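Student: I'm new to this one and would like a close look at a single part of it. Could you take me through how some of the helices sit against each other?

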Amino acid sequence: MSKYVGVARALADLERNPEQFDAAHERGHCVVLAGPGSGKTKTLTTAMARTLVEDVVDPRGVACITYNNECATELETRLAKLGIMSSERCFIGTVHSFALTQVIAPYARCIAGLLPDRFRVAARSECRAAVEIAHEAVFGNGGNPHDRWLFAEEKRRRDVDRRLPVWRGQNPELADFIEAYEAELRRNGLIDFNDMPLIAFRMIKDHPWIRDALRARFPVLFVDEYQDLGHALHELVLLLCFESGIRLFAVGDADQSIYGFTGANPELLESLTDRADIRTIRLRLNYRSGAKIIRASLGALGEDRDYRGVEGAHDGELTFWPVEGEHSLQAQHIAKTVLPTLLGRGFQLEQIAILYRAAWLGDIVVESLEHADTPFVRTDVNALVNRSSRLARFAEACAGWVTGGWRVADPPYGRLLGQALSLVYGGRASEAEAQALSRQLLAFLRSGIDAGETTHAWLSRFCRELIAVWQPISRNPHQEWEVCLDMMKRTDPTQGRDMPLNTFSGRIEGTGRVTLSTFHSAKGREFDAVVLFGINDSDIPNWRDRKSGRALREARRLFYVGVTRPRKELCLVYQEHHHSPWVAELYQRGQ
Ligand SMILES: Nc1ncnc2c1ncn2[C@@H]1O[C@H](COP(=O)(O)OP(=O)(O)OP(=O)(O)O)[C@@H](O)[C@H]1O
């Protein structure tokens, strides 16, 4: 579909919702605030596509920053449906990747002494070693360097502008520790993950020409899930949009802020709405869930909001599944009773998700589902494919192409090549480099068609024939090649973990498999039916959440994110007489 038709259709879709429609046409700074299922992502992608087609003339483009690679992939997929591909004109990625690929990589070399010439991103072991050396230099031998580093990291993420008095005014010894750590990394030609937005911020702050260059390329900046992006992004936005003339379009929901442990703070989003130069648009309709589920979700959140369902929509269903016993019995109950009941009511497995608080709870669910022979696809950190790793997703997409996708261009070869170019060259390759890479990729992919390899055997060749060749020529300073070894370990045939290649590939995700996910990974997704597992009084909230009001509020928001994923049915599974205190409120409001 051409992008013109795609955009026209997307805008027509919003016509019956005047707030969404207005937001998509806004030409000044705009923040869209809205609850779950209200079409924030839909509005953002439509606004982005419209801006590219109507407002911004080639070769200028737009940039969209989002929380993690998983959200970036979701946005890319939605934009592709409107005929818009991510490209030099359309950057979609995390704040770290924006900082690295759009600010540091192109401009750092123009600033003498800023970074070593051929810097790269440090591995975790290199960061730990630098923490230990810096700790000894600043504090001598007393105390655990890594425990103290947790506090230092918090300060590092929060006090983005180091020229402000607060940098040395509060905890000056932590400031010394951080500076010694960064100096140690630089001595070794390294930067770390959290350095990326900080270095970019300083570059933009100190060098007005970098602001001009960025505004020339990206006159409009989109930010998805603003509430989760933390201080570094917020400072970057203030600098780029309110001091440098870039237009801002941001969407978010403070009630869904669940990444406090990485420095996110819902107040940053709210502070934008106080500005007179920003138009704030609030969306009230929830297109996703039935009215009963919407009411129950406000019980889960413990606050009042004026959200409502669309007229004529189904009411939705809430079901409660108390189980006599701990986690493993609750998981067995899901496999033996809850899922069969949902299937009996006409739900398809691929439209059901089981959500839980942490990946270790996912291990317990996996055991029960395997025992019951129920097919599943797992999307938490213990999953075979780490969904937030671009390399892992590339491997998965290649496997999809090899196992039949090549026949129907699902995924299209051009997309695989684009991903490979981005992994190896950060998207900037010469014609000759692109051709050579394409030859290697195509030769590898073709050799896998009808080869009958298992996943482990295919991944071994993937590592040998592609990754080992690409690693030495790569110009992308953020490497994650170790993900390949991790996937090989997770499919080790000697441990009985190998599987057919089409089981590994994403092609059969969504066909006949129930989704397993943490609440965090389920953010932004939706399913017909959602089963919340382990909603016990010791799990949500757990003892850590109960330690502070802030942590307790975040746990409650996490619960709210889970409760707002279903379209039609929400099932809560918990230990009888030991359910989370929030279940009662949810029950009362849901009636
Ligand atoms: N104007 C509309 N007309 C019909 N359906 C819509 C409209 N706006 C949104 N939707 C549908 O509502 C659902 C939720 O939309 P979307 O994922 O964009 O919401 P969201 O606000 O980003 O949700 P969350 O915050 O929970 O991630 C999607 O299925 C989307 O297609």
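Student: To begin with, at what angle do helix α1 (residues 3-13) and helix α3 (residues 40-55) pack?

Tutor: Bear in mind that this is a predicted model. Helix α1, residues 3-13, packs against helix α3, residues 40-55, at an angle of about 135°, and their axes are 9 Å apart. That angle makes α1 oblique to α3. If you look at the handedness, α1 passes α3 in a left-handed crossing.

Now for the side that α1 brings to the meeting. Lys3, Tyr4, Gly6, Val7, Ala10 and Leu11 are the residues of α1 that take part. Across from them, α3 offers Thr46, Ala49, Arg50 and Val53. Sorted by class, the contact of α1 with α3 has six nonpolar residues, two polar ones and two charged ones. There's a handy rule for reading lists like these: an α-helix has 3.6 residues a turn, so residues three or four places apart point the same way. Try it on the α3 list, with Thr46, Ala49, Arg50 and Val53 in it.

Helix α3 has another partner, helix α2, which covers residues 18-25. The axes of α2 and α3 come within 8 Å and cross at roughly 35°. The crossing of α2 and α3 is right-handed, while α1 passes α3 in a left-handed one. From α2, the contact uses Gln20, Ala23 and Ala24, and from α3 it uses Thr43, Thr46, Ala47 and Arg50. By class, the contact of α2 with α3 divides into three nonpolar residues, three polar and one charged. Keep an eye on Thr46 and Arg50 of α3: they belong to the contact with α2, and they also meet α1.

Next, follow the chain out of α3. Proline 59 lies in the loop between α3 and β2 (62-66). The peptide bond that joins aspartate 58 to proline 59 is cis, with omega about 15°.

You'll find another cis bond further along, from aspartate 410 to proline 411, with omega near 5°. Proline 411 sits in the loop between α17 and α18 (413-425). Helix α17 is worth a stop too. It has 19 residues, yet its end C-alpha atoms are only 23 Å apart, short of the 27 Å that a straight helix would reach at 1.5 Å a residue. Look along α17 and you'll come to a kink of about 70°, centred on valine 402. Right after α17 comes alanine 409, with a positive phi near 55°.

Helix α17 (residues 390-408) also has a partner, helix α21 (residues 482-490): their axes come within 8 Å and cross at roughly 55°. That makes α17 oblique to α21. In this pairing the crossing is right-handed. Leu391, Ala392 and Ala395 of α17 meet Val483, Cys484 and Met487 of α21. The class count for the contact of α17 with α21 is six nonpolar residues, with no polar and no charged ones.

One last stop is glutamate 225, in the loop between β6 (220-223) and α12 (230-242). Its phi is near 55°, a positive value in a residue other than glycine.

Conventions: Residues numbered from 1 in each chain as written. Predicted model: local features only at pLDDT ≥ 70, side-chain atom pairs only at ≥ 80, totals over all residues. Axes fitted to C-alpha atoms, helices over the stretch in contact; angles between N-to-C directions. Helix = DSSP H or I, 4+ residues; strand = E, 2+ residues; numbered from the N terminus. Parallel < 35°, antiparallel > 145°, perpendicular 65-115°, else oblique. Left-handed = near helix turned anticlockwise from the far one by under 90°. Contact = placed C-beta atoms within 7 Å. Nonpolar A, V, L, I, M, F, W, Y, C, P; charged D, E, K, R; others polar. Expected span 1.5 Å × (residues − 1). Bend = angle between axes of the 7 residues up to and from the residue.
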